[in-house]
Amino acid sequence: MQLPWGVVVVAAVSGLAAVTGTSVLIFSALRRTGLRRQAHLLVAGGAGLATASAIAGLVGVLTMAGHWAHHQPQRMNLATVVAIGMAVSTLVLCAGVMWLPGTARSRSAALRLVLDGVVIGAALWFVGWTLVAEPTRLLGDATPRGCPAILLATAAAAAAVGMVSVVGVRAARPRRALILVACGVVLVSAAGLGLAAGICQAGPGVALTGAAVLPVGFFLIFAGLRPAGAVGEVDADVIRNGSGYAFLPMLAMAVSAVYHLLRMGDFTMLGIVAGSVEGFALVARQSLALRDVRAYARRLAEREAHFRELAHTDPLTGLANRRGLLRALQQESDSGAPCVLLGLDLDGFKNVNDLHGHDVGDAILTEVAQRLRLNLRPGDVAARLGGDEFAVLMWARPPEAQRVAERLLGILGRPYDHPVGRIFVSVSIGVAGQGSSPEVESLLRNADLALRYAKQRGKNRVERYDIAYDHLLRRRTTLEHEMRGAIERDELHLAFQPVVAVPSVRPVGAEALLRWHHPKLGSVRPDEFIPLAEECGMIAQLGAWVLHQACHQLSIWLADGHDVWVSVNVSPKELHAPEYVVQVAEALRAHRVPPQRLVLEVTEHAVATDLDELIRRLAALRATGVRIALDDFGAGYSSLGQLRKLPIDILKIDHSLVAEQEPIRARESGERRVFAPMVDVVMRLGHQLGLEVIAEGVTNPLELAAVVEAGCRFGQGQLFGWGVPAEHLEAMLDAATSPGARAVPAPRTRPAQNLGSVDSSREMRQA
């Protein structure tokens with residue numbers, strides 16, 4: 001029998017189109033690079049194998065078409081060869097799709113996708129088998145009978161449909177490219193089924209139809225692979241995908257199996273094999289999913305442990321941080337083991353950062369951490385609490401911890417070698433034992449209190465916690481809180497200590513002293529609340545109040561005709577405030593006080609901090625007309641060179657110099673007198689510099705005699721009266737100005753030294 005020319009033309013065109021499509025896929029793959037090239041070469045290889053199988057089948061069809069019925073054995077062999085080739089090509093195409101970038105991120109993900117495809121494919125094949133097998137025979141006489149090629153082709157087609165269905169459904173949007181590739185692979189598998197079925201049983205028409213479908217599949221694959229980007233992102237994560245991929249295929253198989261049994265069908269070896277494949281694929285998929293879940297849980301636990309450790313670790317030094325220290329403290333507190341906590345703070349570390357930069361400071365902190373690690377016992381916990389503050393948790397008794405702390409004091413105080421040079425920092429250490437407080441937070445607080453006490457007592461030392469620190473802290477906190485409303489509650493008042501002319505002991509001035517009487521705390525000492533006011537930033541407010549109250553009282557005394565001046569103490573923080581000069585001028589103007597009647601007393605401690613700035617501030621104050629007194633001279637930091645530079649008017653000799661008197665014998669009369677050599681030196685120095693001198697702290701007649709002997713004209717101290725209310729001092733002034741009382745000289749004023757003239761002629765009357 002001779003074939004029609006149309007059949008020959010269809011076969012030739014199909015073969016030529018398949019060869020052309022394969023060539024296009026090969027050329028496209030060669031233009032790619034990296035993983036995309038490998039994936040495209042796999043696709044091109046699968047297409048080439050499918051084309052070769054199809055051409056072999058077409059040649060066989062054309063050769064045996066004349067005696068089709070007589071070549072049944074040859075057709076069976078040819079169909080088997082074509083089916084095997086098309087099945088292998090389908091699998092290679094599926095592997096190429098899996099290899100595309102973005103489809104499967106790992107081998108494990110690719111295996112999950114393959115198993116999901118096998119589950120769906122086996123279910124499809126089983127459902128199809130129940131429909132075409134006895135007794136349903138959906139295809140009737142066209143039902144395949146005893147042809148292994150058709151069986152293999154249908155299995156390959158079902159696997160391809162399952163594979164590309166999973167990939168297509170799970171791909172992220174946009175899915176167009178991946179869906180085109182999937183449809184192309186399905187058409188290639190369908191072409192293989194058509195060729196195998198046509199050659200084996202259905203006839204040349206079905207075989208030619210399958211051959212004609214093949215180039216269409218190649219075209220769809222090429223259309224999907226043509227874009228340069230990834231064909232799609234496929235999600236193979238079992239955690240997010242759930243179990244729908246397994247439930248629906250199993251449901252379909254169960255329904256079809258029940259239907260087959262209801263139709264009195266038998267399960268042959270093929271049905272059992274399909275069910276077994278489905279079961280093994282599901283078990284493998286679930287085993288893989290369980291392994292993935294376990295791996296995911298293990299990674300999650302490792303990451304949780306890692307981040308938990310990071311949350312309890314200082315990133316710079318690698319030591320425990322505050323949270324890690326509290327955790328260790330809590331664990332040991334629960335176990336009941338005795339422990340001691342050391343609080344450490346570097347002295348002067350801020351200067352390292354300011355002078356050398358934070359990089360050098362970080363290097364020093366890292367070296368401190370390393371020294372702590374190398375010099376602690378096993379089991380001890382070193383921590384960095386923040387900045388330059390560290391802590392060490394030790395399981396030891398307090399005496400042993402004290403020895404360790406003293407050893408650390410020397411180790412951490414050694415010089416730190418750095419490219420910028422050797423850097424020296426010391427450390428202060430506070431020690432607190434668990435016996436002082438069983439609570440974790442209180443133990444940390446006690447160590448901090450001991451550390452603060454070590455700082456206050458001079459730094460570079462070790463201090464153990466004492467319950468007295470708690471009392472001091474509570475009182476300090478209470479005082480700070482109550483002091484903030486003391487002015488509004490009218491709890492503050494001024495006491496005035498007289499300054500007298502000697503030896504007449506006539507009052508010529510007064511020093512305003514701040515006093516605080518609290519309704520519950522009682523009288524609070526100035527040496528207790530004044531430093532606290534400086535630390536908490538209230539000294540400026542208190543100083544302004546004292547200045548205005550002193551000027552107000554001075555204006556009253558001057559209006560009553562008393563020839564007197566008032567001195568006010570000025571703290572270094574007030575003095576260095578830019579607005580202080582303006583405040584003084586406004587107070588003088590508000591109370592109409594002559595500037596010469598106000599004396600501002602500066603302690604020698606202020607001289608030790610920024611001398612040039614101090615000179616500028618004092619010069620600005622003297623320009624307003626007020627007089628400046630250097631308080632506690634001889635007990636602080638002043639040098640003779642600084643004394644010449646300072647724009648001051650009065651020297652107040654410290655009590656320590658006044659008390660150093662010794663007896664001498666006069667040449668003429670031979671009587672014994674007392675003499676204070678240092679007061680005599682200061683008097684001579686003051687007169688040479690044009691300064692008035694006041695001896696303060698005079699407590700007894702012997703000291704008064706020494707002051708008079710040295711030629712000092714003014715004195716202040718217990719012998720002449722403590723600080724008294726304004727009305728008491730006013731009574732003393734009234735008594736001094738009563739009829740018969742003689743005038744008393746006032747302090748002289750130092751020459752202005754080009755700092756502005758000071759008119760003090762009214763205060764210069766001689767006795």
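Trainee: How much accessible surface does the protein have, and what share of it belongs to carbon and sulfur atoms?

Mentor: Accessible area is found with the Shrake-Rupley method and a 1.4 Å probe; for residues, only the protein chains shown count as cover. Here the surface comes to about 36,700 Å², with 60% belonging to carbon and sulfur atoms. Please remember that this is a predicted model, where local features need pLDDT of at least 70 and side-chain atom pairs count only at pLDDT 80 or more, while totals for chains, interfaces and linings use all residues. Residues are numbered from 1 along each chain as its sequence is written, and side-chain values use heavy atoms, leaving out hydrogens and water.

Trainee: How many helices and strands are there?

Mentor: Helices (H or I, at least four residues) and strands (E, at least two) are DSSP runs, numbered from the N terminus. The protein has 27 helices and 18 strands.

Trainee: How do I read a sheet, and which strands are at the edges of the one with β1?

Mentor: Strands of a sheet pair through backbone hydrogen bonds, either parallel or antiparallel. We call two strands paired if DSSP finds at least two bridges between them. In this structure, five strands form an open sheet in the order β2-β3-β1-β6-β7, with mixed pairing. Its edge strands, β2 (381-386) and β7 (462-464), each pair on one side only. Strand β6 (residues 426-433) runs parallel to β7, joined by three bridges, and Val431 stands opposite Arg464 in β7.

Trainee: Which strands does helix α14 touch?

Mentor: Contact means heavy atoms within 4.5 Å. Axes are lines fitted to C-alpha atoms, for helices over the stretch in contact, and angles run from 0 to 180 degrees between N-to-C directions. Helix α14 (residues 398-412) packs on the sheet and touches β1, β3, β6 and β7, with its direction at about 170 degrees to that of β6.

Trainee: What span should helix α18 have?

Mentor: The expected span is 1.5 Å times one less than the number of residues. For the 21 residues of α18 (residues 539-559) that gives 30 Å, and the end C-alpha atoms are indeed 30 Å apart. After α18 comes Gly561, whose phi is positive, near 90 degrees.

Trainee: Is Glu692 buried or exposed?

Mentor: Buried means under 20% relative accessible area, exposed over 50%, and partly exposed in between (1.4 Å probe, protein chains only). Glu692 has 1%, so this residue is buried. Glu692 belongs to strand β17 (residues 692-696).

Trainee: What does the side chain of Glu692 make a polar contact with?

Mentor: A polar contact is a pair of N or O atoms within 3.5 Å; within protein, one must be able to donate a hydrogen and the other to accept it, and residues adjacent in sequence count only if both atoms are side-chain atoms. The partner of Glu692 is the side chain of Arg713 (2.7 Å).
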